[in-house]
Amino acid sequence: MILILLLLIFLLCLIGSWIYLLRDSKSYNIPGPMPLPIIGNGNLFLVDSSEFLQILSNLAYKFGDAYRVHILHHRYIVLSHPKYIEEIISSTETITKGKSYYFLRPWLGDGLLTSTGQKWKTHRKFLTPAFHYNILHSFLPVFLKNEKILSEQLKRRADGSLIELFPIFALAALDNIAESIMGVSFEAQKDRESKYVKAIDDDVLFALTPYKRLQDKALAVLHNHTKDVIEMRRQQLKNTSANKLNQNSEIGMKNKHAFLDLLLLAEVEGHGLDIESIRDEVETFMFEGHDTTASGLVYGLYCIAKHPEVQRKILEEQMEILGDDLERDPTFSELQQMKYLECVIKESLRLYPSVPIIERLITRDVEMSGMRLLKNSSIVINIFHMHRNPNVFEDPLEFRPERFDVSSSFKNPFSWVAFSAGPRNCIGQKFAMLELKVTLAALVRRFKILPGKREPQPCGDLILRSQNGVQVKILPRN
Ligand code: HEM
């Protein structure tokens, strides 16, 4: 009897859930697959995470550049055309960050990436000057130093054998960001066994998985390290006036313009930032500025390896700008002149955007870009698919840096959104572009970059990686 009753209740739940989902999916003017009771379209995503991007693309081929899916009872609208994303991405009124960002909170707290509302507005306004051209200048020596360590390591492997890029470039990017943001040198490229490097590189990514204990351990290492650095610097700033800071002090703080100094010396609305807010911002910039640039560097080098004519043009531009002495470091203004290299980086970020998807949450019922969007719907902007969408780019799978040439017809700023767009775009994009230029230009000047054996299979949700690695071969140029 009880069994029959339970069965009946279960059946009623199934029917109730199905009616809800069918009604909900019809309340939009957006197509999508038919949801199943309880799970919605969750069955479509019961795959290895490496297949996630492919599944999103397959759905776009079937349902178009704006489609709807339900995961359990939650609705997602997935967009991959500028005509849909422009209005949404430009608004701060009716949208906020999506639910997936909550998973980052244990690590990043309420930093710029995850915060919303007034807190985000105040911090964004206050942090923007830290990435002004004048400040970027002061990061150049850091990038040049770390590029030389990277080149030295690659030189030992410049014999035409296969090189797996992600592990090597992740450390170079970590050294760059740590020294620029915190003003401390990690020397991760030289000490890859350090506790911090291991925590940031492997374990903390479990933040998105159920390996809670491992995650807690990694977060404790990261948070303690960040706290120690902040405390050391706070004491130092207390004892010294900012303009007298010794650039080579005994605690290894080298860069007086380090982002951390700005936070410590700040007065936000008349009050200094509390230690938690400072830590959240430092962790946020460490996270956003590390894996993203590593992915950009890796795929950038891969594209250069695969297209010898592009590599030749980069080298020609280097010779034009630097003259005969290709061994010397470029100046800041010479880096700004490397326009062809910039087009190559943009084209590589088009095909391989470091951040493949971003998410927003609709905060009230609205009509936007011709779509009826209900409160609490998640909007997924599928950057990866949009950048490869034939409705947006001609011959989208061809690598053509010239698309970004000033003289080209490419005009819609919302079709290339590797750094996102609108008020919540990437605050570090000039920083990233400088780092990518310094590193890739130096590698092309020093080495012939040749393709590896296999095509990478891009995958990832937060940051673009490759399921089967990304490999190149290198030979000395001379
Ligand atoms: C190739 C390198 C990079 C790419 C492709 C990239 C891309 C992006 C994208 C797409 C977003 C929007 C994220 C979202 O809305 O969910 C973003 C936001 C952000 N990025 Fe980057 N990024 C890069 C490098 C950097 C660097 C080097 C830094 C710091 C030095 C940085 C700091 C940030 C921060 C703090 C945000 C949040 C901004 C806000 O919400 O106001 N990024 N980035």
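Is Leu6 buried or exposed? Let's start there, since you have the sequence and the structure up in front of you. Leu6 has a relative accessibility of 52%, and because the cut-off for exposed is over 50%, Leu6 counts as exposed. One thing to keep in mind as we go: this is a predicted model.

So where is Leu6? Look in helix H1, which covers residues 2–26. Leu6 has company on the surface, too: together with Ile2, Leu5 and Ile9, Leu6 makes up a nonpolar patch. Those four residues add up to about 420 Å² of accessible area.

Okay, on to the ligand. How many residues surround the ligand? There are 27 of them, and the closest are Tyr101, Trp120, Arg124, Arg360 and Cys426. If you sort that shell by class, you get 15 nonpolar, 7 polar and 5 charged residues.

Let's go through some polar contacts. The side chain of Tyr101 has an N or O atom 2.4 Å from an oxygen atom of the ligand. For Trp120, the distance from a side-chain N or O atom to a ligand oxygen is 2.7 Å. And Arg424 has a polar side-chain atom sitting 3.0 Å from an oxygen of the ligand.

Which helices and strands supply at least two residues each to that shell? Here's the list: helix H5 (117–127), helix H11 (275–288), helix H12 (291–306), strand S5 (357–362) and helix H17 (429–446). Hold on to helix H12, we'll come back to it.

Now for some backbone angles. As a rule, most residues other than glycine have a negative phi. With that in mind, have a look at Ile38, which is not a glycine and yet has a positive phi of about 65°. You'll find Ile38 in the loop between H1 and helix H2 (52–63). Ile38 is partly exposed, with a relative accessible area of 38%.

Ser369 is another one: not a glycine, but with a positive phi of about 50°. Ser369 is also in a loop, this one between strand S6 (366–368) and strand S7 (371–373). Is Ser369 buried or exposed? The relative accessibility of Ser369 is 18%, and buried means under 20%, so Ser369 counts as buried.

Next, a residue in helix H6, which runs over residues 133–155: Phe143. With a relative accessibility of 0%, Phe143 counts as buried. Now compare sequence and space for a moment. Phe143 and Asp175 are 32 residues apart along the sequence, and their C-alpha atoms are 8.7 Å apart.

Back to helix H12, as promised. Thr293 sits in that helix. A polar atom of the Thr293 side chain lies 2.7 Å from the backbone oxygen of Gly289. Thr293 counts as buried, at 4% relative accessibility.

Last topic: salt bridges. The basic idea is that side chains of opposite charge can pair when their charged atoms come close. How many salt bridges does a search of the whole structure find? The answer is 22. Let me show you a few.

Start with Arg75 and Asp24, where the closest N and O atoms are 2.6 Å apart. This pair links distant parts of the chain, with Arg75 in strand S2 (residues 74–79), Asp24 in helix H1, and their positions 51 residues apart. Both partners, Arg75 and Asp24, are buried.

Then there's Arg233 with Asp261, and here the closest N and O atoms are 2.7 Å apart. Arg233 is in helix H9 (residues 212–239) and Asp261 in helix H10 (residues 259–264), so this pair ties together parts that are 28 residues apart in sequence. Arg233 and Asp261 are buried as well.

My next example takes us to helix H12 again. Asp291 and Arg465 meet through their side chains in a salt bridge, at 2.9 Å from N to O. Asp291 is in helix H12 and Arg465 in strand S11 (residues 465–466), so to speak two distant parts of the chain, 174 residues apart, linked by the pair. What about burial? Asp291 is buried, with a relative accessible area of 7%, while Arg465 is partly exposed, at 28%.

To finish, here's a small network: Arg105, Asp110 and Lys119 are joined into one by salt bridges that share partners. Have a go at finding those three in the structure, and thanks for listening.

Methods: Residues numbered from 1 in each chain as written. Predicted model: local features only at pLDDT ≥ 70, side-chain atom pairs only at ≥ 80, totals over all residues. Heavy atoms only, no water. Near = heavy atom within 4 Å. Polar contact = N/O pair within 3.5 Å; in protein donor to acceptor, adjacent residues only side chain to side chain. Helix = DSSP H or I, 4+ residues; strand = E, 2+ residues; numbered from the N terminus. Nonpolar A, V, L, I, M, F, W, Y, C, P; charged D, E, K, R; others polar. Patch = residues over 30% accessible without salt bridge, like charges linked within 9 Å, V, L, I, M, F, W, Y side chains within 5 Å. Areas by Shrake-Rupley, 256 points an atom, 1.4 Å probe, with all protein chains shown as cover. Buried < 20%, exposed > 50% of the residue type's maximum accessible area, 1.4 Å probe, protein only.
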